[in-house]
Amino acid sequence: QLIIPQPYFQNQELLKAFLRGMFDTDGSLYPHKSAKIIIELSITHKELQESCFQAFTLLKLPVKRTTNRIYFIGHEKSSLFFENIGSSNFRQLKKYEIYKEVGSVPKNKQIESYLKERNFSSTMGQ
């Protein structure tokens, strides 16, 4: 059974680290027409998705979900996500940094151009 190990629920820092890893590998940050920003974790495994949903709920983070994803929509909720969970993924961090500066999330082509222009191309896969 694929779930977050129970001991992680006893340690909030471990739980946050687990969720950060999930976001860094299976997460996306992209623009939304009306809300400006969505942070999403694509999780098709039912038990793992339920486990992650419970983790976010335990951490009192306002998460929503569908059958195959967990997401945070809008400025306030995405800010809470980054304040509490964060990311170790350079690309996601840059996208969020740009969002905070200009008020919109760059599209993938835009972030690739941005990173190349600033000689970050060697770190794009991280």
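Is Arg 91 buried or exposed in this predicted model? Arg 91 is buried, with a relative accessible area of 19%. That value is under the 20% cut-off, so Arg 91 gets the label "buried". The close-ups below start with this residue and its partner.

**View 1. Arg 91 and Glu 112 meet in a salt bridge.** Here the two side chains come together with an N to O distance of 3.3 Å. This pair links distant parts of the chain, 21 residues apart: Arg 91 sits in helix 4 (residues 90–102), while Glu 112 belongs to helix 5 (residues 108–117). What about the cover around Glu 112? With a relative accessible area of 30%, Glu 112 is partly exposed, whereas Arg 91 is buried. As a general reminder, side chains of opposite charge can pair when their charged atoms come close.

**View 2. Lys 94 pairs with Glu 97 in helix 4.** Stay in helix 4 and you'll find this salt bridge, whose closest N and O atoms are 3.1 Å apart. How many residues separate Lys 94 and Glu 97? They are three residues apart, so about one helical turn lies between them. Lys 94 counts as buried, at 12% relative accessibility, but Glu 97 is partly exposed at 32%.

**View 3. Glu 13 and Lys 16 form a salt bridge in helix 1.** Now hop over to helix 1, which covers residues 12–26. The side chains of Glu 13 and Lys 16 meet with 3.8 Å from N to O. These two are also three residues apart, or about one turn of the helix. Which one is exposed, and which one is buried? Glu 13 is exposed, at 53% relative accessibility, and Lys 16 is buried, with a relative accessible area of 14%. If you'd like to hunt for others, the count for the model comes to five salt bridges.

**View 4. Strand 2 pairs with strand 1 and with strand 4.** Time to leave the helices. Strand 2 (residues 38–42) is mostly covered, with four of its five residues buried. Strand 1 (residues 27–30) runs antiparallel to strand 2, and four bridges join the two. Look for Leu 29, which stands opposite Ile 39 in strand 2. How many bridges join strand 2 to strand 4? There are five, and strand 4 (residues 69–73) also runs antiparallel to strand 2. A handy landmark for this pairing is Ile 38, standing opposite Ile 73 in strand 4.

Note on methods:
Residues are numbered from 1 along each chain as its sequence is written. This is a predicted model: local features need pLDDT of at least 70, side-chain atom pairs count only at pLDDT 80 or more; totals for chains, interfaces and linings use all residues. Side-chain values use heavy atoms; hydrogens and water are left out. A salt bridge is a side-chain nitrogen of Lys or Arg within 4 Å of a carboxyl oxygen of Asp or Glu. Buried means under 20% relative accessible area, exposed over 50%, partly exposed in between (1.4 Å probe, protein chains only). Two strands pair if DSSP finds at least two bridges between them.
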